[in-house]
Amino acid sequence: MLAKLGTRVAVRRCAGVGAVTLALLGAGLPAAASGNQPGLDRFYRQKVTWAACEAGSPADLQCGKVTVPVDYARPGAGTLDLAVARYRATGPSRGSVVLNFGGPGGAGVAGLASSGKQFLDLTNGYDVVSFDPRGVGRSSPVSCGLGDGDSSGAGSGPDGEGADLGDATAARKALAEWKKVADECARHSNPLLAHMGTVDAARDLDVIRQALGDRQLNYLGFSYGTRLGAVYAAEFPGKVGRVALDGVDTLTEPLAEQGLVAAEGQQTALEDFLDWCVQDVACPFGQDRRQADDQVVQLVRSLDENPLPTGLGGSLSGQQLVGAIGQALYSKAMWPSLERAVAALTQDGDAHAIQSFSSGGVSLPGGPVRPGAARRAGGGGLVATGDVPPDNMTAALMAVDCADDPDRPDAARLTGDLGRLSAEYRQASPVFGRYRLNALLMCYGRPKGTTYIRDHVKDVDTAKMLLVGTRGDPATPYRWTVETARRLGPSAVVLDNRGDGHTGYGSSRCVHRKVDDFLLYGSLPPDGSSCSPDSQPDATG
């Protein structure tokens, strides 16, 4: 769930699907949860040295690094540096508040640089900090060896053709392709790939907390960042300060159920968009609402059959279009931009605007990753922004989600399940069903992930935490907020955002105010209280 930070914060949920050799955790808390594991003292003694950021960054943004072990079970076996950045508090500071914009795979330093103004209120009491998690952005970025033009994204499959996976032959072919992807990810990402899970990221977060000089962690996490926050609370309950989780992820549902929920949610969001779009004379799907649904399906099908060349040897398939539309639907603030992008595609054959949604708002150059970039990614030190592999976001998403997922059915089981699931997914969404179904295969060929999150992130004994759920969230449904709050126990306080879009902090003034009041002043809304929706987007954008 990557933060797509524009006029309003809209956090991207990639309901997706690594590890080469994942050191599975035992039944209890990780040994280093207390920070007292032998060999970790040197990491907990460091302090961040702040300096100017890379050229082109905001003048008031400061950057630094925090060093962590690659493998917490063997802290002497290798290290990596995590990129961190901050806006300093403008008044008396009570320490830091750390932001995670989601993903997994979202680079926090770039997100804070581009959208820091949306968090300026928090500088009234905090240094506002974010970071590139392990394997992400400048922090030893993982890769699968693909340029942006080669990578079809989380849902379209390695070949980008969007084959019907309900067919056994197509399913077996897709599994073989995903196994090749897993092998390439392992080959290009070096030993770090075995330690990309959220359990390790939460331990990094505690090292960051100490390096910032904070006794407790104050934290604002969006979408996937809520999973990270919940795991931190289970690993380090005594270190939890003021923690707010917005767009709450599931801790228990298997990938098949997550994908079905995502398909249903995005179909609802698409229908809401079309309701709005057909009222505008410029709507590329016309003004007949009954025909608009069919036109979307026909457009996707035509591009799957005949992908549109986009230059530099790339092309846009129907499933890649579906992925781009899905990203744009996470926030109503992006509806006008989506309308114009689809119009440019259908009327002028120009895919540039629609492709920008797929890459988080930036169209990256195509072509294979430079060999030198892959070598630098494995060295442990920070890489330059220009050396981050173009496929890092997708590679990290797959690595983290697969490391967090303990289910790994074999090919025969998957092929059989896909025959049944194909019909269920098509019923959930004629547009997003196929795209989301393919996402179930991304962990095939990778080792099983940890059972820790599913089995042990529950009944946490922490300070009160604020959980925000949005009723019309297409990616993390409101019921996940309720279920996760129940699972975490009495520490969880739920705020019911009755608006639409993925997460509430950037789209609801009420949610924004209540989250800030909690983080700045410790003022919690009553459990179960609600925020009314803000107004509809303007067709002029």
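**Exercise 1. Place Asp167 in this predicted model and find what surrounds that residue.**

Step 1. Start with the secondary structure. Asp167 sits in the loop that runs between strand E7 (127-131) and helix H3 (168-189).

Step 2. Check exposure. The relative accessible area of Asp167 is 39%. Buried needs under 20% and exposed needs over 50%, so Asp167 counts as partly exposed.

Step 3. Look for polar partners. A polar atom of the Asp167 side chain lies 2.9 Å from the backbone nitrogen of Ala170.

Step 4. Look along the chain. Leu418 is 251 residues apart from Asp167 in sequence, yet their C-alpha atoms are separated by 8.1 Å.

**Exercise 2. Decide whether Ser115 is buried or exposed, and name its side-chain polar partner.**

Step 1. Locate the residue. Ser115 belongs to helix H2, residues 108-115.

Step 2. Apply the cut-off. Ser115 has a relative accessible area of 4%. Buried means under 20%, therefore Ser115 is buried.

Step 3. Find the partner. The side chains of Ser115 and Ser114 make a polar contact at 3.4 Å.

**Exercise 3. Identify which residues touch the most other members of the largest nonpolar core, then list contacts of Leu488.**

Step 1. Take the core. The largest nonpolar core holds 83 residues. Val457 and Leu488 touch the most other members.

Step 2. Leave aside neighbours of Leu488 within four places in sequence. Leu488 is then in contact with Ala230, Leu251, Val457, Lys458, Asp459, Val460, Met465 and Leu467.

Step 3. Look beyond this core. A second, separate core has 33 residues, among them Cys277, Val296, Ala324 and Leu338.

Key. Residues are numbered from 1 along each chain as its sequence is written. This is a predicted model: local features need pLDDT of at least 70, side-chain atom pairs count only at pLDDT 80 or more; totals for chains, interfaces and linings use all residues. Side-chain values use heavy atoms; hydrogens and water are left out. Helices (H or I, at least four residues) and strands (E, at least two) are DSSP runs, numbered from the N terminus. Buried means under 20% relative accessible area, exposed over 50%, partly exposed in between (1.4 Å probe, protein chains only). A polar contact is a pair of N or O atoms within 3.5 Å; within protein, one must be able to donate a hydrogen and the other to accept it, and residues adjacent in sequence count only if both atoms are side-chain atoms. A nonpolar core is a set of buried Ala, Val, Leu, Ile, Met, Phe, Trp, Tyr and Cys residues joined through side-chain atoms within 4.5 Å. Contact means heavy atoms within 4.5 Å.
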